[in-house]
Amino acid sequence: MKFSKLFLPGMIFLAACSNNENRPDISGIKVNTPIERFDLDYFALDSNRLQEGMKTLVSKYPYFINDFTANILGAGPVSDSNQVLPIINRQFFTTYYPVAEIIKTDLKELDNTEKELNNGFRYLTYYFSDYKMPRLIAYLGPFDAPGVALTDSAIAIGLQLYAGKDFPFYTSQQGQELFPSYISRRFEKEYIPVNVMKAVLLDLYPDRSTGFPLLEKMIEQGKYWWLTKQVLPDAADSLVTGFTKSQLEFCEKNEGLIWNMFLQSEFLYSTDPSIQKLYIGEGPGTQGLPPAAPGNIGQWIGMRIVQAYADQQDKSIQPRKLMQLSPREILDGSKYKPR
C-alpha cells in the first residue's frame with residue numbers, strides 16, 4: 001500500500017499525538033537540576049599541590065568528596081590524618097589524567113543528557129510524588145568503578161564508562177577482559193539517562209526475585225524495563241534493553257517462537273541460578289537460539305508480558321501499583337499470547 005508524500009507526514013503526526021495522549025501531564029512539575037562537573041574540577045587541580053587542591057573540593061563538594069576518595073578510590077576520607085589518600089590520590093591523578101583530557105573533549109557538553117534526565121525525573125516525580133530529587137554529579141574514576149552510583153545525597157555518573165565504544169581502553173585486551181564488546185558497545189553517552197533511571201528504580205524497588213522460578217524472575221525483571229519506559233517514554237527500546245537494532249528486530253519478529261521455546265523448555269520453573277543465567281543477564285547471545293538473538297532475552301519476554309498486562313487495563317495502570325503485583329498476578333492478567 002502506498003501513501004502520498006502529503007498524507008504520510010500527517011499519519012506520523014497523528015500517531016505521535018496518539019502516543020502523547022497516553023502520557024501523564026507533567027507540565028506543572030518543575031525539575032531543573034544541573035549535572036555538576038566534579039571530573040573537570042578534580043583534574044584541573046595543580047598536580048604539584050594535590051593536597052591543597054583536595055581541600056578546595058571539600059568546600060565545593062562536601063556531599064560527594066568522601067564518597068569519591070573512600071568508595072571510588074578506596075583511600076578513605078579526606079583528613080589530615082589519612083596518610084594513604086595522598087599516595088593513592090597522586091597515583092590515580094597521574095594515571096588517569098590522559099583519560100580525563102580525552103573525556104574533557106569528547107564529553108565536554110552534557111546539556112542534552114541533563115535535559116533528558118530532568119525530563120525523566122519529572123515523570124518520576126509524577127508517579128512517585130514523595131521522591132526527593134538528589135544532586136547530579138559527573139566524576140571520572142577507575143575503569144572498574146560504576147557508571148552510576150547512588151550516594152546519600154547525589155547520583156554520581158562515572159564518565160569513564162561513557163567515552164564511546166571505540167575508546168582505546170575498551171578495545172584493548174585488558175579492556176575486553178573487563179568489558180567484552182557486547183557490553184562495551186553500550187559505553188556511549190546516550191545510555192546515561194537510561195542507566196541513571198534504572199539505578200534509581202532499583203533503589204526504589206530492590207530486586208526481590210532471588211529464589212523465584214525462571215518464569216517469575218523474567219516477569220519481575222521485566223518490570224524494571226517497563227518502568228524505565230514509563231519515566232523515559234522517548235528513550236529508544238535499544239537503549240532500554242541494550243539490544244542492537246538487529247537483535248530487537250529478531251525479538252519482535254520471532255516473539256511467538258521465543259515464547260513457545262520457553263513454554264516447551266523444562267527450565268521454565270527452574271530455580272537453579274546457573275540455568276536462569278542462560279536467559280537472564282548479560283551475554284553475547286542465548287543458548288538454543290540463532291546468533292541474531294541477544295542475551296538477556298528472558299527479561300525482554302518479561303517486559304512484554306508486563307506490557308501485555310498494562311494493555312489489558314481500562315486505564316494505564318499506575319507504576320506504583322504494578323510494581324507491587326506478583327509475577328503470577330501479572331502473567332494471569334496479561335493474557336499473553338504472542339504470534
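What covers the buried residues of α14? The cover includes α11, α13 (residues 245–253) and α16. Before we look closer, a word on the model: it is predicted, with local features needing pLDDT of at least 70, side-chain atom pairs counting only at pLDDT 80 or more, and totals for chains, interfaces and linings using all residues. Residues are numbered from 1 along each chain as its sequence is written, and side-chain values use heavy atoms, leaving out hydrogens and water.

**Two helices with a buried side**

Helices here are DSSP runs (H or I, at least four residues), as are strands (E, at least two), numbered from the N terminus. Buried means under 20% relative accessible area, exposed over 50%, and partly exposed in between (1.4 Å probe, protein chains only). The table sets out two helices, with the arc taken over the directions from the helix axis to the C-beta atoms.

| Helix | Buried residues | Arc |
|---|---|---|
| α4 (residues 65–72) | I65, F68, T69 and I72 | 115 degrees |
| α14 (residues 255–264) | E255, G256, I258, W259 and F262 | 165 degrees |

The arc of α4 is 115 degrees, so its buried residues line one face of the helix. They pack against α2 (38–43), α3 (50–60), α5 (85–106) and β2 (135–139). Just after α4, G74 takes a positive phi of about 70 degrees.

In α14 the buried residues lie on the same side of the helix, while the face turned away from them carries the exposed residues L257 and Q264.

**F262 and the core**

F262 of α14 also belongs to the largest nonpolar core, a set of 107 residues in which F38, Y42, F64, F121 and F262 touch the most other members. Such a core joins buried Ala, Val, Leu, Ile, Met, Phe, Trp, Tyr and Cys residues through side-chain atoms within 4.5 Å. Contact means heavy atoms within 4.5 Å. Leaving aside neighbours within four places in sequence, F262 contacts L214, M218, L268, Y279, I297, G298 and I301.

**α11 against α16**

Helix α11 (residues 214–231) and helix α16 (residues 297–312) pack at about 75 degrees, with axes 7 Å apart. The two are therefore roughly perpendicular, a term for angles of 65 to 115 degrees. Among the residues that meet are M218, W225 and W226 in α11 and W300, I301 and M303 in α16.

**P142 in its loop**

P142 is found in the loop between β2 and β3 (148–150). Its relative accessible area is 14%, so P142 is buried. Not counting residues up to four places away in sequence, P142 touches I72, L73, F92, Y96 and Q160.

Terms used:
Axes fitted to C-alpha atoms, helices over the stretch in contact; angles between N-to-C directions. Parallel < 35°, antiparallel > 145°, perpendicular 65-115°, else oblique.
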